[in-house]
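Thank you for making time this morning. Please bring up the sequence and the model, and I will talk through a few places in turn.

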Amino acid sequence: MRIVGIYSFNGGTNFVQDNFPNELEELKSAIQHIDAEVYKTKISKEKTMTGKVLYSPVDLNKAFKSELFPLGWKNVKETCDYSSSYYIDGYESPFQKKVYPFRDMDFVKNQLGVEVQFGKYSFMVYNVCAKMTIFKKLGHITAGIEVVPVKELAEHMSTGVSYFEQFVWDLEKRGVSDIDIPVMIIGIAQ
């Protein structure tokens, strides 16, 4: 795969280059080592493209793991221990039985968080504008990188997969908030 786009959210590109040069090089190398064609394994069942062979987001994510985990990158999970104090008396939440969901970040190393996203645009925006802020507040990261497909790659994935160009437009129209952290957005193609 190759990097074909870079967008700096809240000064993210300079911050990452200045503070995490080794981690950035590891990520760039991982991207270059992934042969996307190997992961064109998903047979579509969607009405508009039944039988078409698409890139598999699950398999692409596994490829990133096989490249980054051996280099010391880790998946970081945080349990969501929801408070029951907001419920009306008499309501029994399934979370009162101590079954908690979690939030996780795909890859973290030396306080740099990386999310690889081949999903809908809402997940991309959530990662940068909510999850990364939360993981910074929890002390796991100080900056982030979001790796997303460009339109050219997304066209060979399931319908509804968002892409770099749309994501950048959303972030530019949203603007930066005082709680946002520096994030480098990387657009990739096959």
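**Charged pairs, a central strand and two cores**

Let me begin with K28, which is partly exposed, with a relative accessible area of 23%. Before I go on, please keep in mind that this is a predicted model, and that what I describe has been computed from it.

K28 forms a salt bridge with E25, and the closest N and O atoms of the two are 3.8 Å apart. Both residues sit in helix α2, three residues apart, which is about one turn of the helix. The partner, E25, is partly exposed as well, with a relative accessible area of 47%.

How many salt bridges does a search of the whole structure find? The search finds six, and I will speak about two others besides the one between K28 and E25. In one of these, E26 forms a salt bridge with K109, with the closest N and O atoms 2.9 Å apart. This pair links distant parts of the chain, since E26 is in helix α2 while K109 is in strand β5, 83 residues away. K109 has a relative accessibility of 15%, and it therefore counts as buried, the cut-off for buried being under 20%.

In the other, E152 forms a salt bridge with R2, where the closest N and O atoms are 3.8 Å apart. Because E152 lies in helix α5 and R2 lies in strand β1, which covers residues 2-9, the pair ties together parts that are 150 residues apart in sequence. E152 is partly exposed, with a relative accessible area of 38%, and R2 is also partly exposed, at 41%.

Now consider a charged residue without such a partner. D170 lies in helix α6, residues 164-174, and although D170 is buried, it has no salt bridge. Which side chain of opposite charge is nearest to D170, and how far away is it? It is K173, at 9.2 Å, whereas a salt bridge requires the nitrogen and the oxygen to be within 4 Å. If we leave aside residues up to four places away in sequence, D170 touches Y121 and V125.

Let us turn to strand β7, residues 143-149, which is mostly covered, with seven of its seven residues buried. A143, I145, V147 and P149 point one way from the strand, while G144, E146 and V148 point the other way, and all of them are buried.

Which strands pair with β7? One is β6, residues 112-116, which pairs with β7 in the parallel sense over five bridges, and here L112 stands opposite A143. To get from β6 to β7 the chain passes through helix α4, residues 121-137, and this β-α-β crossover is right-handed. Another is β8, residues 183-189, which runs parallel to β7 and is joined to it by six bridges, with E146 standing opposite I185.

Residues of β7 bring us to the nonpolar cores. The largest nonpolar core has 30 residues, and those with the most contacts inside it are L27, F64, I145, V147, I186 and I188. The elements that give two or more residues to this core are α2, α3, β6, β7, α5 and β8. To look at one member in detail, F64 touches L27, I31, I34, F107, V116, F118, V147 and I188, again not counting residues up to four places away in sequence. There is also a second, separate core of 21 residues, which includes I141, V148, V150 and V183. If you look back at β7, then, V147 is among the residues with the most contacts inside the largest core, while V148 is included in the second one, and these two residues point opposite ways from the strand.

My last stop is the loop between β5, residues 102-109, and β6, where N110 is found. N110 has a positive phi of about 50°, although it is not a glycine, and N110 is exposed, with a relative accessible area of 51%. Q111 has its place in the loop between β5 and β6 too, and its phi is near 75°, a positive value in a residue other than glycine. Is Q111 exposed or partly exposed? Q111 is partly exposed, with a relative accessible area of 32%.

Technical notes:
Residues are numbered from 1 along each chain as its sequence is written. This is a predicted model: local features need pLDDT of at least 70, side-chain atom pairs count only at pLDDT 80 or more; totals for chains, interfaces and linings use all residues. Side-chain values use heavy atoms; hydrogens and water are left out. Helices (H or I, at least four residues) and strands (E, at least two) are DSSP runs, numbered from the N terminus. Buried means under 20% relative accessible area, exposed over 50%, partly exposed in between (1.4 Å probe, protein chains only). Lys and Arg count as positive and Asp and Glu as negative; His and the chain ends are not counted. Contact means heavy atoms within 4.5 Å. Two strands pair if DSSP finds at least two bridges between them. A crossover is right-handed if, with the strands pointing away from the viewer, the path from the first strand over the helix to the second runs clockwise. A nonpolar core is a set of buried Ala, Val, Leu, Ile, Met, Phe, Trp, Tyr and Cys residues joined through side-chain atoms within 4.5 Å.
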